[in-house]
Amino acid sequence: MVRPTQLLHPQREPAPPRPAATVLLLRDSPAGFEVLMTRRSAHASFAPGAYVFPGGGIDAADASPEAHAQATRRPGQREAHLTQAIAAIRESFEELGVLLARHADGRMADAADIAALDRKGSFVAQCAARGLQLAAADVFVLAHWITDRDLPRRFDVPFLVARMPEGQEPVADEAEQFEPVWVRPADALARHAAGQFFMIFPTIRTLERLQYFAGVDAVLAACAANEEPLWTSCPRAGLLGGREARFMEHEPPYGELELVCPDGQILHPLDWHRDEPTPLLKNVARLTAANPGAMTGPGTNSYLVGDPSTGYIVIDPGPVDAEHQQRLWRATGGAIQAIVCTHSHPDHAPGAWPLQALCAHRPPVLGLPSAATARAASAFTPDRTLCDGECLVLRSADGTTTHTLEVLHTPGHAANHLCLVLREDGLLFSGDHILNGSTTIVDPPDGDMSAYLDSLDRLAAHGHAHEVRYILPAHGYVIADAPAAIARLKAHRLQREAKVIAAMQAAPEGTLQDWVRLAYDDVPERMWPLAERSLLAHVQRLRALAPANDGL
């Protein structure tokens, strides 16, 4: 794990989240299903003026034996989820006068029941006196949100869903909630985008997912299939164009924000700066080359590892770009101890020699020489060939080792591809083997799919042994939760391979062009020529595995 001494910002303890619950009341309509939302008071301490779903804090009474005994319950509905459902039922009644409760004969509560209850009275006791059971069995868990770490008031909130009882009409309490409105998720999002319907991040992201369901039945069925949330998130925020921007765990910037601002400080710029390096830790910075494109994403990331007391190792100096190499030289003060190329592709290695020439002491260019299978543009001979398992060490003036980069040979994307692990901080510099936001091309003959998958396995095992948490790719933002990211990538590759097998079986006399249409039907057609190279790598792997794949 990252050493605290290398963090850019002082550590702090985020505010503890308070337990709460909210409920999305849904109804079908001819134009599509709708969700009930209300506007919070302009004087509310949290999200003033925002349109939200009804809900609030969980009271001790919601978890009491009396409350649980007064509620219906599904098999498999855990105690915690029952308490949350009771809280959401209570809050929807107190705030909107909507009563999710049933009579002994199964009838849902009606207007007469609602009129007989006092919104400010003891909710469970009043329901019991009227013979009403809280309809917790009709309330399902949709999502689980934890408020961002930067906010002074935080909540741990399940987002629950239930069907709006027929015959009931919402009436806001005019204290906490105002203006109840039924709205289709897509319409709420459009109105928010137009500046007419202010919502906060979790509400927006929830509606974005809801809008693709066909109706209320589909939403409830998806939730009923599993008693766990469909997703869980504690977002993180950074700066884009100088303004706050929030992201969920599956979105590309999330891992970088976790690395740079683990305690939630909104300080890290996510724009792709070319002129100055972007600090990631005190001993790691990134400078992205000005070569964005379909193959390179925002550009090739050059990494600077070290500090002024130790000098620096530059990883992937990029293409020949005089300005980029000048910036690398200036960022290190010329104190470059070594230049390491993860592989010899034209967007990674050619900048090594111009950068070396800028340095008075000419640091060595290190890497693995290109294989005979490499294309002409990827020919590469380093000053010194690195050995698998070798460690590159940076030491302070007193001889203390402070930064250790371990070399791992990871063929697959290229025969001479290598990755590096910064041992002291659990960082994996993955070159092109693992990317953020896309999968790397495996282009035969220099690329090999079996070698690629084997290298993934090796990275997973090595990462587990050395507690690697973060992946720093050659293209894109930092990736968090390295073990999960590697597992997802391997699963994706094998799922793609299954589609390749199906395509080959469906068109046994087909060409690569025929198969790519079937196996990469979820990829934009403009990308098929590139996808064809990885498809060829899968085909070669499958044929090498014969007779296990007879008929291919």
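How many cavities of 30 Å³ or more does the count come to? The count comes to two, and the close-ups below visit both of them in this predicted model.

**Figure 1. The whole protein, as a starting point.** Before zooming in, here is the setting: 14 helices and 24 strands make up the secondary structure of the protein. The C-alpha trace spans about 85 × 65 × 45 Å along its principal axes. Of the 552 residues, 54% are buried. Among contacts with a separation of 6 or more, 63% join residues 24 or more positions apart.

**Figure 2. A look into the largest cavity.** This cavity has a volume of about 70 Å³. Its lining brings together Leu408, Val421, Leu428, Leu459, Ala460, His462, Gly463, His464, Val468, Ala482, Pro483 and Ile486. Sorted by class, nine of the lining residues are nonpolar and three are polar, with no charged residues. Two helices, α11 (449-465) and α12 (482-506), each supply at least two residues of this lining. The top contributor is α11, which gives five.

**Figure 3. Helix α11 and its surroundings.** Let's stay with the helix that gives the most to the largest cavity's lining. The 17 residues of α11 should span 24 Å at 1.5 Å a residue, and the model agrees, because the end C-alpha atoms are 25 Å apart. Buried along α11 are Met449, Ala451, Tyr452, Leu453, Ser455, Leu456, Leu459, His462 and Gly463. Three of these names, Leu459, His462 and Gly463, also appear in the lining of the largest cavity. The cover over the buried residues of α11 includes the strands β21 (401-409), β22 (418-422) and β23 (427-431), along with the helices α12 and α14 (528-544).

**Figure 4. The two ends of α11.** At the start of the helix, Asp448 offers a side-chain oxygen that comes to within 3.1 Å of the backbone nitrogen of Ser450. Past the other end, look for Glu467, which follows α11 and has a positive phi, near 55°.

**Figure 5. A look into the second largest cavity.** Here the space is about 50 Å³. Which residues line the second largest cavity? They are Asp148, Arg149, Asp150, Pro235, Arg236, Ala237, Leu257, Cys261, Gly264 and Gln265. By class, this lining divides into four nonpolar, two polar and four charged residues. For the largest cavity, by contrast, the lining has no charged residues.

Conventions
Residues are numbered from 1 along each chain as its sequence is written. This is a predicted model: local features need pLDDT of at least 70, side-chain atom pairs count only at pLDDT 80 or more; totals for chains, interfaces and linings use all residues. Side-chain values use heavy atoms; hydrogens and water are left out. On a 1 Å grid over the protein atoms alone, a cavity is a set of points where a 1.4 Å probe fits but cannot get out, and a pocket is an open set with protein on both sides within 12 Å along at least five of seven lines; lining residues have an atom within 4 Å of a point. Grid points are joined across faces, edges and corners, and a volume is the space filled by probe spheres set on the points. Helices (H or I, at least four residues) and strands (E, at least two) are DSSP runs, numbered from the N terminus. Ala, Val, Leu, Ile, Met, Phe, Trp, Tyr, Cys and Pro count as nonpolar, Asp, Glu, Lys and Arg as charged, and the others, Gly among them, as polar. The expected span of a helix is 1.5 Å times one less than its number of residues. Buried means under 20% relative accessible area, exposed over 50%, partly exposed in between (1.4 Å probe, protein chains only). Contact means heavy atoms within 4.5 Å. A polar contact is a pair of N or O atoms within 3.5 Å; within protein, one must be able to donate a hydrogen and the other to accept it, and residues adjacent in sequence count only if both atoms are side-chain atoms.
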